[in-house]
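Please open the structure in your viewer and keep the selection tool at hand. The tour below goes from one selection to the next and says what is found at each stop.

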Amino acid sequence: MIEVVPLKYGAIFKQAFGQPETFTQFVNDVLDINIHIDKVHTEYEYPNPVGFVRSKYDLFAEDIEQRIVVEIQHIKEEDFFDRFLYYHLVSLVEQIGSFQEYNFERTVYTIVVLTSVPRDGSVDFSCAVSDMNPTDERGCKLSIYPHRLVFLCPRLVNDKTPPKIKRWLELIEDSLDGKLEENNYSEKMFQAILDIIRKLNIDRDTLAQIKDEAAWEKAKQRFKEEGKQEGDKQARLETARVMLADGMSIETVLKYTGLIITDLSAFSKVK
């Protein structure tokens with residue numbers, strides 16, 4: 001048994017799954033496709049803005065035919081399904097660079113990993129796939145659009161979970177309590193992940209990011225339980241106060257709450 005940093009934290013998930021070899025194998029097992037990449041981008045944004053909402057992708061990679069986005073989410077927000085549909089569609093629309101024709105040069109695959117189980121019962125699966133193919137009046141699905149949006153929930157693995165996907169979800173779920181039996185994951189691809197998430201191997205900068213993530217998730221959960229509405233400025237100000245009291249930097253508070261520096265002027269810590 002070894003101590004690990006849970007893969008619910010974006011900072012460590014991106015390090016573990018952002019290695020090209022690991023990313024490629026994960027994509028192959030989840031989507032049953034082969035990709036050829038040299039680099040996986042983290043916190044990726046398209047060079048030119050698309051739509052009215054800024055989109056930034058946790059993990060992003062593409063070859064000449066395929067574009068793959070992987071997102072990690074711990075707490076399921078109210079806009080969970082809508083938000084990731086938007087991300088998926090933006091990755092399609094971004095490819096239309098000319099008014100001359102509609103042409104998607106790359107097939108888009110978006111994989112979303114949800115590491116919690118929502119209390120509202122809105123997620124009751126370990127693996128769910130959404131495609132865009134129409135069904136005709138005879139009930140036949142027409143193979144027109146290859147794009148896919150995949151949702152994975154490691155905590156709900158069951159005997160119906162596809163075997164190749166199941167091994168990855170078991171690894172993620174096993175890490176969530178901070179301890180993991182390394183002998184259960186002898187495969188080379190998993191050993192590379194274990195080397196990254198071992199607590200003893202985590203650098204200070206990554207640990208600081210993880211602490212900020214943990215404090216932010218805790219604050220969000222607290223206000224949800226108190227019935228505060230997401231996006232309400234008063235709730236965000238209270239969240240900022242708690243984050244500052246926990247020792248988080250002003251830059252981090254502004255990043256996660258969406259506030260501006262003048263909003264924090266009421267707090268004595270802010271100068």
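Begin by selecting helix 1, residues 10-17, of which seven of the eight residues are buried, so this helix is largely enclosed by the rest of the structure. Here buried means under 20% relative accessible area, exposed means over 50%, and partly exposed is in between, with a 1.4 Å probe and protein chains only. Helices (H or I, at least four residues) and strands (E, at least two) are DSSP runs, numbered from the N terminus. The buried residues of helix 1 are Gly 10, Ala 11, Ile 12, Phe 13, Lys 14, Ala 16 and Phe 17.

Before going further, please note that this is a predicted model, in which local features need pLDDT of at least 70 and side-chain atom pairs count only at pLDDT 80 or more, while totals for chains, interfaces and linings use all residues. Residues are numbered from 1 along each chain as its sequence is written, and side-chain values use heavy atoms, with hydrogens and water left out.

Now select Phe 17, which belongs to helix 1 and counts as buried at 1% relative accessibility. If residues up to four places away in sequence are not counted, Phe 17 touches Leu 7, Thr 22, Phe 23, Phe 26, Leu 59, Trp 168, Ile 172 and Ile 193, where contact means heavy atoms within 4.5 Å. Add Val 40 to the selection: Phe 17 and Val 40 are 23 residues apart in sequence, and their C-alpha atoms are 8.8 Å apart in space.

Next, show the strands of the sheet. In what order do the six strands of this open sheet stand? The order is 2-3-4-5-7-6, with mixed pairing, and two strands pair if DSSP finds at least two bridges between them. Strand 2 (41-44) and strand 6 stand at the edges, each with a single partner strand, so one side of each is left without a neighbour in the sheet. Neighbouring strands of this sheet are turned by 20° against each other on average, direction ignored; axes are lines fitted to C-alpha atoms, for helices over the stretch in contact, and angles run from 0 to 180 degrees between N-to-C directions.

At one edge, select strand 2 together with strand 3 (residues 57-62), which run antiparallel and are joined by three bridges. Tyr 44 stands opposite Tyr 57 in strand 3. Helix 1 packs on the sheet, touching strand 2, strand 3, strand 4 (66-73) and strand 5, and its direction makes about 15° with that of strand 3. While strand 2 is selected, look also at Glu 43, which lies in this strand, has a positive phi near 50° although it is a residue other than glycine, and counts as partly exposed at 33% relative accessibility.

For a second positive phi, go to Asp 32, in the loop between helix 2 (20-31) and strand 2. Asp 32 has a phi of about 60° and is not a glycine; with a relative accessible area of 62%, Asp 32 is exposed.

Then move along the sheet to strand 7, where four of the five residues are buried, so this strand is largely enclosed by the rest of the structure. Strand 7 pairs with strand 5 in the parallel sense over five bridges, and Thr 110 stands opposite Leu 149 in strand 7. With strand 6 (residues 127-131), strand 7 pairs in the antiparallel sense, again over five bridges, and here Val 129 stands opposite Val 150. Helix 3 (residues 80-93) lies across strand 3, strand 4, strand 5 and strand 7, running at about 155° to strand 5.

Finally, which residues line the largest cavity? Select Phe 80, Val 112, Leu 114, Val 123, Phe 125, Phe 151, Leu 152 and Cys 153 to show them. Strand 5 (107-114) and strand 7 (148-152) are the elements that give two or more residues to this lining. About 30 Å³ of space lies in the largest cavity.

Notes. 1 Å grid on protein atoms, 1.4 Å probe; cavity = no way out; pocket = protein on both sides within 12 Å on 5 of 7 lines; lining within 4 Å. Points joined across faces, edges and corners; volume = space filled by probe spheres on them.
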